[in-house]
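Colleague: Please take a close look at one part of this model for me, beginning with a single residue and working outward until its surroundings are clear. I would like the reasoning kept careful and the pieces connected.

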Amino acid sequence: MSWLRRREVCIALYVIPVLIILINHFTGQLAAAQSEVILWASTLATFAILLGVINLSQHHITIIARKSKRWPYSIILLAAFLSTFIFNYAYKPGYDFVITRLLSSLQMALLAYVGFYSYTVFFRASGTKNPHVIVLLISMLLGLFYNLPMRDMIWTGWGPLGVWVKDVPNTGGMNALLIGVALGTLTLFLRTILGYEESYLGG
Amino acid sequence: MSVKEWFARRENQDRTIFVLYFILIAYPMLSPMGLPIPIGEPTIESYELLENVPEGGVIVIVSDEGFPSWAELGPGEIAVYRHAFKKVREDDCKIVLLTSYVVDGQILTERCLSNVDLTGLEYGKHWVQLGYIPGYEAVLSAMMDDLKGIAPIDQFGTPTKDIPMLEDINSIDDYDYLYACTFTAMDVYIRQWGEKALARGVPIIINMLSGTVPLAMPYYRAGTMTSYLNSVTAGSGYEKLIGRPGMGAALMDAQSTAHLLGIAVILFAQGAFMIKLLSKPKEVAA
């Protein structure tokens, strides 16, 4: 069975489904096969979640068994994971409490934290004579004024000015960026189907 | 220690900004000031596109937002749900709800539904919840050709082939309105839906974080993304359009005051530096 571990087999597992999708996109002749391939992707994603759970458990059980650095955190993690899992199947109100009152609130608080730090970044970035940073600060001010709900109370020109910035310099820059990304993706794709790109094989 | 010396310390600068930020966000929420809420062109377009879904039309809602983004995306999401269910009542439209990115979306779908009046409506006849289907882009792609294939059962375990509403709903040929709410990249939806939706004239509307709007502009201008909702700003505008002010309206005052603080912080820091630079040019340069 060692042939299964050959590099060519792994590349074929990538190239064949990709070619099915590609050929169908241009000819429409492999619709059924394409549909099947995409369904497989969703099925594999489900297994990937299962694999993630196994890896996570294995990793933290090892940390606890070896009493490695910060091992009590691993106990908290596994306890939280198991209790949520059990609540979901055995005690629905408990699960709802964990999700809506704990997880949801904690995640929102974590993101809100970024808001606080953004303002100190504004403060630190300002106070410069570097022309590049000054251009960035002017852009930030324009963005803030454009997104300010009460902007029209200050000056009615912020709206049209913001729309112009969004539609002209921003769209132009983003178009260029997207074309660059598309060309890069195409190159990567060609390298991969021709077997030159091996990073996805762990090489 | 003088005020100037105290403020010269970095940790005190941070503390001052944090306290001001907290006060300026908390105060308007506790005591709304009723500052004006602008309604942008894309918000009006999004509203009209849903309003123009024909009688008996199929509205597909993909809720791919996560808990951290709820404050930004939630107001728009709830407003769209309310509007879509109004279409169900008035024009006999059907709604398909699903999540493809993270399981948060499925839970937040329930939260949105708890804000909608479902009296008199029947699950399986007026709307269906397919729940979280892992696979993200693969799911978004597959739902264009074979919805029941990608979702053999609904969120509650009922086989989708046994759900009456889904008898005639399975692919892009059956959809009339595609809506997604995302807290990550929006281009994924355009990549998987754009070509087929554009060919059939089905509008694509995406509710996204303000940070991703610049990325969306090329797609919007090219017409591959029909319209978009720019986070809580659009959410509050949408609430106004459907005549149901809610969370978005309450958050807008806080957004105004928080943005004003951002502007003030930049102007203060840069202004102070420039004054210092002009008064002692050589010293600063050294």
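Chain B, from one residue outward

Modeller: A sensible place to begin is Ser231(B), which belongs to helix α10 of chain B, the helix that covers residues 231-242. The model is a predicted one, and what follows should be read with that in mind. Although Ser231(B) is not a glycine, its phi is positive, near 40 degrees. As for its surroundings, 27 other C-beta atoms lie within 10 Å of Ser231(B), and because a residue needs 20 or more to count as buried, Ser231(B) is buried.

A second residue invites the same look at the backbone. Tyr136(B), which is not a glycine either, has a positive phi of about 50 degrees, but its place is in a loop, the one that runs between β3 (127-132) and α6 of chain B. Tyr136(B) has 19 other C-beta atoms within 10 Å and is therefore partly exposed, since the threshold for a buried residue is 20 or more.

Another loop position worth setting beside these is Ile163(B), found between α7 and β4 (177-182) of chain B. With 18 C-beta neighbours inside 10 Å, Ile163(B) is also counted as partly exposed. Apart from residues up to four places away in sequence, Ile163(B) touches Gly124(B), Val128(B), Asp154(B) and Thr158(B). Between the C-alpha atoms of Ile163(B) and Ala254(B), which are 91 residues apart along the chain, the separation is 44 Å.

From the loops we can move to the strands. Strand β2 of chain B, residues 94-99, has 6 of its 6 residues buried, so this strand is largely enclosed by the rest of the structure. In a regular strand, side chains alternate between the two faces of the sheet. In β2(B) both faces are covered, with Lys94(B), Val96(B) and Leu98(B) buried on one side and Ile95(B), Leu97(B) and Thr99(B) buried on the other. Strand β1 of chain B, residues 58-64, runs parallel to β2(B) and is joined to it by 5 bridges; Val62(B), for instance, has Leu98(B) as its bridge partner in β2(B).

What does the largest nonpolar core contain, and which residues have the most contacts inside it? The core counts 86 residues, and Val60(B), Ile206(B) and Ala216(B) are the ones with the most contacts inside it. Helix α4(B) supplies the largest share of this core, 9 residues. At least three core residues come from each of the two domains of chain B, domain 1 (3-35 + 251-272) and domain 2 (41-246). To see one of these positions in detail, take Ile206(B): neighbours within four places in sequence aside, Ile206(B) is in contact with Ala180(B), Thr182(B), Met186(B), Tyr189(B), Ala216(B), Met225(B) and Tyr228(B).

The division of chain B into domain 1 and domain 2 also has a distance attached to it, for the centres of the two domains, taken over C-alpha atoms, are 36 Å apart. Chain B as a whole holds 12 helices and 6 strands, and along the principal axes its C-alpha atoms fill a box of roughly 75 × 40 × 35 Å. Of the 286 residues in chain B, 47% are buried. When contacts between residues at least 6 apart in sequence are considered, 75% of those in chain B join residues at least 24 apart.

Chain A can be described in the corresponding terms. Chain A has 7 helices and 0 strands, and its radius of gyration is 26 Å, well over the 17 Å that the globule rule gives for 203 residues, so chain A is more spread out than a compact globule. The C-alpha trace of chain A spans about 70 × 55 × 35 Å along its principal axes. Buried residues account for 9% of the 203 in chain A, and 12% of its contacts between residues at least 6 apart in sequence join residues at least 24 apart.

Finally, the two chains meet in a contact to which chain B gives 47 residues and chain A gives 42 residues. On the side of chain B that touches chain A, the elements giving two or more residues include α2 (10-30), α4 (70-91) and α11 (247-279) of chain B. The largest share of that side, 15 residues, belongs to α11(B). By residue type, the side of chain B that touches chain A comprises 32 nonpolar, 11 polar and 4 charged residues.

Notes: Residues numbered from 1 in each chain as written. Chains lettered and ligands numbered in written order. Predicted model: local features only at pLDDT ≥ 70, side-chain atom pairs only at ≥ 80, totals over all residues. Contact = placed C-beta atoms within 7 Å. Helix = DSSP H or I, 4+ residues; strand = E, 2+ residues; numbered from the N terminus. Nonpolar A, V, L, I, M, F, W, Y, C, P; charged D, E, K, R; others polar. Rg over C-alpha atoms; globule rule 2.2 N^0.38 Å. Buried ≥ 20, exposed ≤ 12 C-beta atoms within 10 Å, placed from the backbone. Core = buried A, V, L, I, M, F, W, Y, C linked by C-beta atoms within 7 Å. Domains from an automatic or database assignment. Pairing = 2+ DSSP bridges.
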